[in-house]
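Subject: Structure handover

Hello,

Here is the structure I said I would pass on. My notes on what was found in it follow below.

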Amino acid sequence: MTNDVRNIADALDLISEHWQPRRLSSVNDYDMKVVKLLGEFVWHTHPDTDELFMVRSGHLIIQLRDRDVHLGPDDIFVVPAGVEHCPRAVEEVSALLFEPKGTVNTGDVGGDRTVALQEL
């Protein structure tokens, strides 16, 4: 990682694909990822780590088995380790994710939605 200044809005402007997170920066053992979301993802868990979502624009619904969590611009929510969840965006959402390095986007389920983390 570089020690250059990074701009979140500029980074999001470079992303055209949905559900394809890009590493914006790293701090210690965590990655800060930018991502655009549209539609429904897959139900999954991250057994060993929490996952923080921060919405920059749009409205994100994080479906949990017992409730839905609604996030708007500048809202954050932490999905605790081991909690099954499924993000859903009716319209395009721009968001940041904070996760330990090496966290797989589809958690414990894998499948065709699993992608390798890309750099900006």
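Strands here are DSSP runs (E) of at least two residues, numbered from the N terminus, and lining residues are those with an atom within 4 Å of a cavity point. Please keep in mind that this is a predicted model.

Overall fold

The protein chain has 1 helix and 8 strands. In sequence order the pattern is α-β-β-β-β-β-β-β-β. The radius of gyration is 13 Å, close to the 14 Å that the globule rule gives for 120 residues, so the chain is as compact as a globular protein of that length. The C-alpha trace spans about 40 × 30 × 25 Å along its principal axes.

Of the 120 residues, 39% count as buried. The accessible surface comes to about 6400 Å², and 49% of that belongs to carbon and sulfur atoms. Taking contacts between residues at least 6 apart in sequence, 65% join residues at least 24 apart.

The cavity

The structure holds 1 cavity of 30 Å³ or more. The volume of the largest cavity is about 140 Å³. Its lining consists of 15 residues, and those nearest the centre are Trp19, Phe41, Glu51, Leu97 and Asn105.

Which strands each supply at least two residues of that lining? They are strand 2 (30-40), strand 3 (51-57) and strand 7 (85-100). Strand 7 gives the most, with 4 residues. Sorted by class, the lining has 8 nonpolar, 4 polar and 3 charged residues.

Three residues

I also looked at three positions one by one. The contacts given for each leave out residues up to four places away in sequence.

Pro87 sits in strand 7. Its relative accessible area is 2%, under the 20% cut-off, so Pro87 counts as buried. Pro87 touches Trp19, Gly39, Glu40, Phe41, Val42, His44, Phe53, Leu60, Ile61 and Ile62. One of these partners, Ile61, is 26 residues away along the chain, with a C-alpha separation of 5.8 Å from Pro87. Two of the names in the contact list of Pro87, Trp19 and Phe41, also appear among the residues nearest the centre of the largest cavity.

Thr49 is in the loop between strand 2 and strand 3. Is Thr49 buried or exposed? Thr49 counts as buried, because its relative accessibility is 14% and the limit for that class is under 20%. Its contacts are Pro80, Ala81, Pro100 and Thr103.

Val104 lies in the loop between strand 7 and strand 8 (118-119). With a relative accessible area of 37%, Val104 is partly exposed, since that class covers the range between the 20% and 50% limits. Val104 touches His46 and Thr114. In sequence, Val104 and Thr114 are 10 residues apart, and their C-alpha atoms are 7.1 Å apart in space.

To recap the cavity for your own work: about 140 Å³ in volume, 15 lining residues, and strand 7 as the main contributor with 4 of them.

Regards

Key: Residues are numbered from 1 along each chain as its sequence is written. This is a predicted model: local features need pLDDT of at least 70, side-chain atom pairs count only at pLDDT 80 or more; totals for chains, interfaces and linings use all residues. Side-chain values use heavy atoms; hydrogens and water are left out. On a 1 Å grid over the protein atoms alone, a cavity is a set of points where a 1.4 Å probe fits but cannot get out, and a pocket is an open set with protein on both sides within 12 Å along at least five of seven lines; lining residues have an atom within 4 Å of a point. Grid points are joined across faces, edges and corners, and a volume is the space filled by probe spheres set on the points. Ala, Val, Leu, Ile, Met, Phe, Trp, Tyr, Cys and Pro count as nonpolar, Asp, Glu, Lys and Arg as charged, and the others, Gly among them, as polar. The radius of gyration is taken over C-alpha atoms; the globule rule is 2.2 Å times the number of residues to the power 0.38. Buried means under 20% relative accessible area, exposed over 50%, partly exposed in between (1.4 Å probe, protein chains only). Contact means heavy atoms within 4.5 Å. Accessible areas come from the Shrake-Rupley method with a 1.4 Å probe; for residues, only the protein chains shown count as cover.
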